Number of protein chains: 2
Amino acid sequence: MAARGLRPVATQEAAPLFAALGDETRLQLLARLCSGGPLSITGLSRTSAVSRQAITKHLDVLSGAGLVRSRRHGRERIWELEPARLDDAHQYLAGISRQWDEALGRLKSFVER
Amino acid sequence: MAARGLRPVATQEAAPLFAALGDETRLQLLARLCSGGPLSITGLSRTSAVSRQAITKHLDVLSGAGLVRSRRHGRERIWELEPARLDDAHQYLAGISRQWDEALGRLKSFVER
DNA sequence: GGAAGGTGCAACCTCTTGGTTGCGTTTCGT
DNA sequence: ACGAAACGCAACCAAGAGGTTGCACCTTCC
């Protein structure tokens with residue numbers, strides 16, 4: 001439980017979050033987990049161009065950022081999305097956008113005076 | 001003008017966008033440009049721990065992702081925020097979140113039947 | 001029990017990244 | 001005109017990221 005509620009996300013924890021999102025293969029993994037539901041490693045690497053071990057590494061990165069979670073099921077490891085962290089990144093960007101709009105508003109009212 | 005309106009942002013162009021956001025120094029630069037308004041390179045590097053050239057590289061990365069823009073003003077180069085790209089990243093995350101909620105909704109209604 | 005499927009682990013390689021230093025060039029101020 | 005400020009460019013370096021191959025280990029299924 002790294003972040004919850006309405007507490008603003010700090011840049012210190014937002015950076016590794018965005019870094020985990022900053023790879024096309026990982027974004028495709030997220031998209032696949034998102035639309036297709038939980039999947040095993042082999043299931044995820046079946047549609048990908050890179051090897052199974054590369055997929056494992058990417059999943060570890062996503063897991064380290066708290067974006068996905070895994071559980072064992074027999075000889076398979078099933079991965080699924082962790083939507084709370086997506087919201088964290090979401091809120092961080094929203095915070096910057098809001099701050100920028102406020103800055104523009106202040107500038108505008110300053111010019112008008 | 002890489003993205004505008006309500007067109008969904010593709011993973012192919014979202015990845016380098018998030019990659020540019022995935023560094024703490026760059027996030028701090030954005031935050032400073034956001035709250036403090038347009039600033040020169042030296043002005044930005046004054047509060048940072050790393051060298052001016054490192055700041056220049058980071059600004060180039062942000063510029064390459066379309067997140068900031070610069071203009072010459074005498075012997076200075078002034079950098080300012082480009083809020084449209086922030087919205088792109090914002091909308092991409094919103095799209096994933098929405099898709100995930102829909103998937104959960106489908107799963108729920110399937111289980112209940 | 002034995003073969004096949006699904007993972008985990010480790011070594012290795014290459015290219016990128018973030019950072020530095022050094023130096024040359026343009027512009028401002030006096 | 002001349003020193004100082006702001007910047008651009010290039011070389012260089014260490015560390016990390018992304019990828020691969022090879023092999024061992026545990027389940028599952030017949």
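User: By a turn of how many degrees can chain B be laid on chain A?
Analyst: This is a predicted model, in which local features need pLDDT of at least 70 and side-chain atom pairs count only at pLDDT 80 or more, while totals for chains, interfaces and linings use all residues. Residues are numbered from 1 along each chain as its sequence is written, with chains lettered from A and ligands numbered from 1 in the order in which they are written. Superposed by least squares on the C-alpha atoms of residues with pLDDT of at least 70 in both copies, chain B fits chain A with an RMSD of 0.0 Å and a shift of 0.0 Å along the axis, after a turn of 180 degrees.

User: Which kind of axis has that relation?
Analyst: The turn is 180 degrees and the shift along the axis is 0.0 Å. That is the relation of a two-fold axis.

User: Which element gives the largest share of the side of chain B that touches chain A?
Analyst: In contact (C-beta atoms, placed from the backbone, within 7 Å) are 30 residues of chain B and 30 residues of chain A. On the chain B side, two or more residues each come from α1 (11–21), α2 (24–36) and α5 (83–112), these being DSSP runs (helices H or I, at least four residues; strands E, at least two) numbered from the N terminus. The largest share, 12 residues, is that of α5(B).

User: Which residues touch the most other members of the largest nonpolar core?
Analyst: Such a core is a set of buried Ala, Val, Leu, Ile, Met, Phe, Trp, Tyr and Cys residues joined through C-beta atoms within 7 Å, buried meaning that 20 or more other C-beta atoms lie within 10 Å of the residue's own. Leu30(A), one of its members, is in contact with Leu67(A), Leu81(A) and Ile96(B), leaving aside neighbours within four places in sequence. Among the 52 residues of the core, the most other members are touched by Leu30(A), Ala89(A), Leu30(B) and Ala89(B).

User: Which strands stand at the edges of the sheet in chain B?
Analyst: The open sheet has three strands in the order β1-β3-β2, with antiparallel pairing, where a pair needs at least two DSSP bridges. Two of the strands have a single partner strand each, so one side of each is left without a neighbour in the sheet: β1 (39–40) and β2.

User: Which residue in the hairpin of β2(B) and β3(B) takes a positive phi?
Analyst: Six bridges join β2 (68–73) to β3 (76–81) of chain B, and Arg69(B) has Glu80(B) as its bridge partner. Two residues lie between the strands, and the positive phi, near 70 degrees, belongs to Gly74(B).

User: Which element gives the largest share of the surface near DNA strand C?
Analyst: Counting C-beta atoms, placed from the backbone, within 6 Å of the strand, 20 residues surround DNA strand C, and Ser40(A), Thr42(A), Ser51(B), Gly74(B) and Arg75(B) come nearest. At least two residues each are supplied by α3 (41–46), α4 (52–64) and β3 (76–81) of chain A and by α4 (52–64) of chain B. The largest share, five residues, comes from α4(B).

User: Which element gives the most to the surface near DNA strand D?
Analyst: Of the 19 residues around DNA strand D, the nearest are Ser51(A), Gly74(A), Ser40(B), Ile41(B) and Thr42(B). The most, five residues, is given by α4(A).

Terms used
Contact = placed C-beta atoms within 7 Å. Buried ≥ 20, exposed ≤ 12 C-beta atoms within 10 Å, placed from the backbone.
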